[in-house]
Amino acid sequence: MEKSEKIILGIDPGTTMMGFGLVAIKGKNMKLINWGIINLTKVQGHDQKLKKIFEKVLELIDTHQPHEVALEAPFFGKNVQSMLKLGRAQGVAMAASLYRDLPIFEYSPRKIKQSITGSGNASKEQVAAMIQTLLKIDSLPKHLDATDGVAAALCHHFQNKPGVSGKSYTGWKAFLSDN
């Protein structure tokens, strides 16, 4: 494998729908490998949703062998309970990635939108349209959470230049000391 070839798993955490996207980067070429959602609407109980997130993220990692994981960081909303649940979902996705010894990079929703569209206030639809253009995709998925997952991966690729990076964790100690 060339040094410039890598696979990035992007995750848009959620406790109802969790979006993901896998992008292969080789030189200046970007290619969509897979995208989709983990639909958690029929899973009963928050603990069972977290278990399913952990299992599905491990499955994505084991199937596609990404080199890095980029996650959208929870934003500060008005509902504390929603924030807590979203933070747990993100934490479980991070735990699965760390369990497979993958480096994690975290980006704010605003940073991801800015990186993809040039505007930190872009809508989900604007982000999806830009991803469609960037990756030359014929049609968009039903749930735009999938394109949000791809956006996290592409944001990491665009930000991954010398001297520029998101928050990165290489293991539990690094994550815990920062949080």
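How are helix 3 and helix 5 oriented to each other, roughly parallel or roughly perpendicular? Keep that in mind while you get your bearings; this is a predicted model, and the tour begins with the helix pair.

**Stop 1: the helix pair**

Select residues 109-117 for helix 3 and 145-159 for helix 5. Their axes sit 9 Å apart, and the packing angle is about 75 degrees. An angle from 65 to 115 degrees counts as roughly perpendicular, so that is what helix 3 and helix 5 are to each other.

Now show the side chains where they touch. From helix 3, pick K111, I112, S115 and I116; from helix 5, pick A151, A152, L154, C155, F158 and Q159, which they meet. Colour this contact by class and you'll get 7 nonpolar, 2 polar and 1 charged residues.

**Stop 2: Q114**

Stay in helix 3 and click on Q114. This one is partly exposed, with a relative accessible area of 41%. Ignore its neighbours within four places in sequence, and Q114 is in contact with S119 and G120. For a distance check, draw a line from the C-alpha of Q114 to that of V127: you should read 9.3 Å, for two residues 13 apart in sequence.

**Stop 3: helix 1**

Next, select residues 46-64, which make up helix 1. Try the ruler on its end C-alpha atoms: they are 27 Å apart, and that agrees with the 27 Å its 19 residues should span at 1.5 Å a residue.

Which residues of helix 1 are buried? Highlight H46, K49, L50, I53, V57, L58, L60, I61 and H64. They take up an arc of only 170 degrees around the axis, so they lie on the same side of helix 1. Turn to the other side and you'll find D47 and T63, both exposed.

To see what covers the buried residues, bring up strand 1 (5-12), strand 2 (17-26), strand 3 (29-39) and helix 2 (80-99); the cover includes these four.

**Stop 4: two positive phi values**

Step just past the end of helix 1 to Q65, which follows it. Q65 is in the loop that leads from helix 1 to strand 4 (68-72). Check its backbone: phi is near 50 degrees, a positive value in a residue other than glycine.

For another case, jump to K136, in the loop between helix 4 (124-134) and helix 5. Here phi is near 55 degrees, again positive in a residue other than glycine. Is K136 buried or exposed? Switch on the surface: K136 is exposed, with a relative accessible area of 73%.

Notes: Residues numbered from 1 in each chain as written. Predicted model: local features only at pLDDT ≥ 70, side-chain atom pairs only at ≥ 80, totals over all residues. Heavy atoms only, no water. Expected span 1.5 Å × (residues − 1). Buried < 20%, exposed > 50% of the residue type's maximum accessible area, 1.4 Å probe, protein only. Arc of directions from axis to C-beta. Contact = heavy atoms within 4.5 Å. Axes fitted to C-alpha atoms, helices over the stretch in contact; angles between N-to-C directions. Parallel < 35°, antiparallel > 145°, perpendicular 65-115°, else oblique. Nonpolar A, V, L, I, M, F, W, Y, C, P; charged D, E, K, R; others polar.
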